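Okay, thanks for coming, everyone. I've got one structure to walk through today, so let me put it up on the screen.

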Amino acid sequence: MTDELQAEGRLDNTLLVFSTDNGMAWGQHRMSLKELPYATHVPLYMAWPARWGSRPRTVDEYTSNIDMAPTFCDAGGCALGPYPTGQSGPDGVSLLPLLDGRVPNLGRDALLETEWRKHPWAAVRTTNLNPLGLWHYVEYQSGFRELYNLAPDADPWEMDNVAYDPDHAGLISQLHVRLIELLAEGRVDTPGRVKVVQDTEPNNAQDFAYSGDFGSFLLDDDSNPTLSRSKVIENVISGTFTIQQAPVDVWRLASISCPPSSVIDVSTGTATVHVQPGQFVVCTFRNTRPQPDAAIAIAPSGTYKGNKVYNVAPADRQTQKLLGVTPGQTYEYDVSVKNRSLDPDSFGLNMTSAGASSMSVAVLDSGGSDMTSALLDGTYITPRLAQGKGIILTVRVTVDSVVFAGNSNTVVLSAHSIAEPLIVDTVRAITTV
């Protein structure tokens, strides 16, 4: 192609661009392929000898694929728009002022990365212009967040997520505001709508109460014809709003789906909804019968961690830790498993134990019988329990008299419903010398 352009005498006055449509992740954060916030950056090579000369140079500036159309249109003398969204201009910026040397930088203090279709996340990557420094901040629809310090002497490879470091709470608040600003940038501020939907699983005439920035209201699944299972809020001016579902003892909130740009906290039943101009947001709250409710304590009288918290994998709030234990001693955890379903049910229990060989584990039922083997091979099944009834097991960890400092043992105990085996709750005990 360049040979032909040279033969026609047009090569020097042709803008040549080499890049790619996306970067890939090949194992970063144990993930692969594209549509991820930490996909590999891609190069951008541009040549236009008649305008910039033939001497190679490197411009250290973040650009994005959304900058291509404004750049090409600027070079060709066209005008972009009108836009289907009614926005005032393109999402990207022309690179020509930077490449011409007319400006020292693009004047862009943060670069937005977003992918809401398959992986519900949006992210901000700040630049050298931002007084906050160089950061990569990611918000997921689930409520999970990631924050990486991109300073060259800090964490440029994004290995240490510091989003949950209390020292960064103020920074996260500022980056969150900047992210929402970028998502709405250039859009015409026409009113939007928000629809709140209660799931369709029959609820035995149990009403679900909602509160928040859109007021208080009740929704029903399908067993009470006097109540609707959805509510539409009209004329919502762009902004951030909260919707919270009150807990119901015999039900658990399994999930909240509120795309595209919301932060979800299932543990509190709260969706923080970011409504963009003209957007129609549908938030669906799905509840299911909470069957096994596993909780763990370091004393039979409690307090039990993880009570009415449901996770297939153990979370920190379902974990008890004993740190700095003494060699030659035995330590106990008490695990409560209750049936919070409306219907009687039995539960299958299983256990894994991993860690130092100098720490042994035994599990006893309330009568003192050793249940360790049955739990390890997954054959232990509780008696049939009525709603609100349960059992208590004692996890006993014995530490050898000779053991190295820092040695640790982790016990994970899971309970699954016999009636609905996919409903699982898990707790964890960590013992460290």
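I'll start with the whole chain, then go through the strands, and finish with a few local spots.

So, first thing to keep in mind: this is a predicted model. The protein chain has six helices and 26 strands. What about the overall spread? The radius of gyration comes out at 28 Å, and the globule rule gives 22 Å for 433 residues, so this chain is more spread out than a compact globule. If you look along the principal axes, the C-alpha trace spans about 95 × 65 × 40 Å.

How much of the chain is buried? That's 41% of the 433 residues. The exposed surface is about 22300 Å², with carbon and sulfur atoms supplying 53% of it. On contacts, if you take those with a separation of 6 or more, 63% are between residues 24 or more positions apart. And on charge, we have 31 positive side chains and 48 negative ones, with the centres of the two sets 3 Å apart.

Okay, strands. Let's go to β9, residues 192-198. Five of its seven residues are buried, so call it mostly covered. Which strands does β9 pair with? One is β12, running antiparallel to β9, with five bridges joining them. To find your way there, look for Val-196, which sits opposite Lys-231 in β12. Another is β17, residues 280-288, and that pairing is parallel, over six bridges. The marker there is Lys-195, opposite Val-282 in β17.

While we're in β9, click on Val-197, which is part of that strand. Buried or exposed? It's buried, at 9% relative accessibility, and the cut-off for buried is under 20%. Its C-alpha is 6.0 Å from that of Cys-283, and those two are 86 residues apart along the chain. Leaving out residues up to four places away in sequence, Val-197 touches Tyr-210, Arg-229, Ser-230, Val-282, Cys-283, Thr-284 and Phe-285.

Now follow the sheet over to β12, which covers residues 230-236, and look at Asn-235. Phi there is near 55°, so a positive value in a residue that isn't glycine. As a reminder, most residues other than glycine have a negative phi. Asn-235 counts as exposed, at 61% relative accessibility.

There's another non-glycine with a positive phi, and that's Glu-158, at about 60°. Where is Glu-158? It's in the loop between β8 (145-149) and α5 (169-184). Glu-158 is buried, with a relative accessible area of 6%, whereas Asn-235 is exposed.

Further along the chain, have a look at β21, residues 347-355. It pairs antiparallel with β25, residues 408-417, over nine bridges. Asn-350 stands opposite Ser-414 in β25, if you want a pair to zoom in on. β21 also runs antiparallel to β23, residues 380-381, with two bridges between them. For that one, the pair to pick is Gly-348 and Ile-381.

Right, helices, and I'll stick to the area around α3. In α3 itself, Met-68, Pro-70, Thr-71 and Cys-73 are buried. What covers them? The cover includes β1 (16-18), β4 (45-47) and α4. Just past the end of α3 you hit Gly-77, with a positive phi of about 85°.

Keep going into the loop between α3 (68-76) and α4 (96-99), and you'll find Pro-82. The peptide bond from Gly-81 to Pro-82 is cis, with omega near 0°. Most peptide bonds are trans, remember.

Last stop, on the other side of α3 in sequence: Val-59, in the loop between α2 (49-52) and α3. How covered is Val-59? It's partly exposed, with a relative accessible area of 36%. Apart from its neighbours within four places in sequence, Val-59 is in contact with Leu-98 and Leu-99. Its C-alpha is 9.9 Å from that of Pro-104, and those two are 45 residues apart in sequence.

That's the tour. If you open the model yourselves, I'd begin at β9 and its partners β12 and β17, then move to the cis bond at Gly-81 to Pro-82. Happy to scroll back to any of it.

Conventions:
Residues numbered from 1 in each chain as written. Predicted model: local features only at pLDDT ≥ 70, side-chain atom pairs only at ≥ 80, totals over all residues. Heavy atoms only, no water. Helix = DSSP H or I, 4+ residues; strand = E, 2+ residues; numbered from the N terminus. Rg over C-alpha atoms; globule rule 2.2 N^0.38 Å. Buried < 20%, exposed > 50% of the residue type's maximum accessible area, 1.4 Å probe, protein only. Contact = heavy atoms within 4.5 Å. Areas by Shrake-Rupley, 256 points an atom, 1.4 Å probe, with all protein chains shown as cover. Lys, Arg positive; Asp, Glu negative; His and termini not counted. Charge placed at Lys NZ, Arg CZ, Asp CG, Glu CD. Pairing = 2+ DSSP bridges.
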